[in-house]
Amino acid sequence: MAQFKPVVFQVGSELYAVDIGIVQGIERKQNIVGIPNSVPYVKGIMNLRGDIVPVLSLRVKFNMEDVVSDQVEYVVVRIQDLLIALETDGVKEIHEIENTSLYDIPPIILDENTGYIKNIMNVDNKLIILLNVMNILTKKEQVAIEQMVKEAEK
């Protein structure tokens with residue numbers, strides 16, 4: 001059976017995951033510099049070993065209350081040529097699961113606002129939403145963020 005390795009993290013009271021293949025790192029305490037007039041869920045940018053990396057608040061993206069937490073961890077992923085840090089409420093674990101534990105998204109959930117949901121995973125009787133980070137940003141948002149990074153690097 002084929003296996004899949006997701007990195008599982010918490011946002012609010014829910015569990016989410018991304019494929020470990022796109023994860024560039026997991027970071028703790030970072031100095032985030034806010035960017036005025038950016039989209040609401042772009043928390044700012046961080047300098048990560050010389051790279052300027054935009055930080056996305058998944059809480060804001062998912063319409064949750066944006067709270068300050070001591071448990072914040074950043075899952076750094078690559079979307080094409082762009083590194084992005086996903087702000088989470090803590091990374092839980094890296095699983096190794098069978099593809100048979102992946103389920104399709106019920107059609108009623110899918111729309112233009114949820115295109116970043118790839119599958120639902122059932123791990124130890126817990127449902128975990130598997131994110132497709134390639135769809136977490138619209139093309140317009142991705143271009144704007146790439147431009148923001150270029151400006152910050154000057």
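Which residue stands opposite L130 in strand 13? It is N119. The views below show a predicted model.

**View 1. Six strands form an open sheet with mixed pairing.**
The strand order is 9-2-3-13-12-11. Strand 9 and strand 11 (102-103) stand at the edges. Each has a single partner strand, so one side of each is left without a neighbour in the sheet.

**View 2. Strand 12 (residues 117-123) and strand 13 run antiparallel.**
The two strands are joined by 6 bridges. M121 has I128 of strand 13 as its bridge partner. N119 stands opposite L130, also of strand 13. The two strands form a hairpin with 2 residues between them. In this hairpin, D124 takes a positive phi near 50°.

**View 3. Strand 3 (residues 14-19) and strand 13 (residues 126-131) run parallel.**
Here 2 bridges make the join. Y16 has its bridge partner in strand 13, namely I129. Strand 13 thus appears in two pairings: parallel with strand 3, antiparallel with strand 12.

**View 4. Another open sheet has 5 strands, again with mixed pairing.**
The order of its strands is 4-7-8-6-5. Strand 4 (23-27) and strand 5 (42-48) stand at the edges. Each of these edge strands has a single partner strand, so one side of each lacks a neighbour in the sheet. From one strand to the next, the twist averages 30°.

**View 5. Strand 4 pairs with strand 7 (residues 73-79) in the antiparallel sense.**
The pairing extends over 4 bridges. At one of the paired positions, G25 has V76 in strand 7 as its bridge partner.

**View 6. Helix 2 (residues 139-153) packs on the 5-stranded sheet.**
The helix touches strand 5, strand 6 (51-57), strand 7 and strand 8 (82-88). The direction of helix 2 makes about 140° with that of strand 6.

**View 7. The largest pocket has a volume of about 370 Å³.**
Its lining holds 17 residues. Nearest the centre lie S69, D70, Q71, V72 and Y74. Strand 7 and strand 8 each supply at least two residues of this lining. By class, the lining of the largest pocket divides into 4 nonpolar, 4 polar and 9 charged residues.

**View 8. The second largest pocket has a volume of about 270 Å³.**
This pocket is lined by 16 residues. K61, E112, N113, T114 and Y116 lie nearest its centre. The lining of the second largest pocket comprises 7 nonpolar, 6 polar and 3 charged residues.

**View 9. E96 and K5 meet through their side chains in a salt bridge.**
The N to O distance is 3.6 Å. This pair links distant parts of the chain, 91 residues apart. E96 sits in the loop between strand 9 (91-94) and strand 10 (97-98). K5 sits in the loop between strand 1 (3-4) and strand 2 (6-11). Side chains of opposite charge can pair when their charged atoms come close. Across the whole structure, a search finds 5 salt bridges.

Technical notes
Residues numbered from 1 in each chain as written. Predicted model: local features only at pLDDT ≥ 70, side-chain atom pairs only at ≥ 80, totals over all residues. Heavy atoms only, no water. Pairing = 2+ DSSP bridges. Axes fitted to C-alpha atoms, helices over the stretch in contact; angles between N-to-C directions. Contact = heavy atoms within 4.5 Å. 1 Å grid on protein atoms, 1.4 Å probe; cavity = no way out; pocket = protein on both sides within 12 Å on 5 of 7 lines; lining within 4 Å. Points joined across faces, edges and corners; volume = space filled by probe spheres on them. Nonpolar A, V, L, I, M, F, W, Y, C, P; charged D, E, K, R; others polar. Salt bridge = Lys/Arg side-chain N within 4 Å of Asp/Glu carboxyl O.
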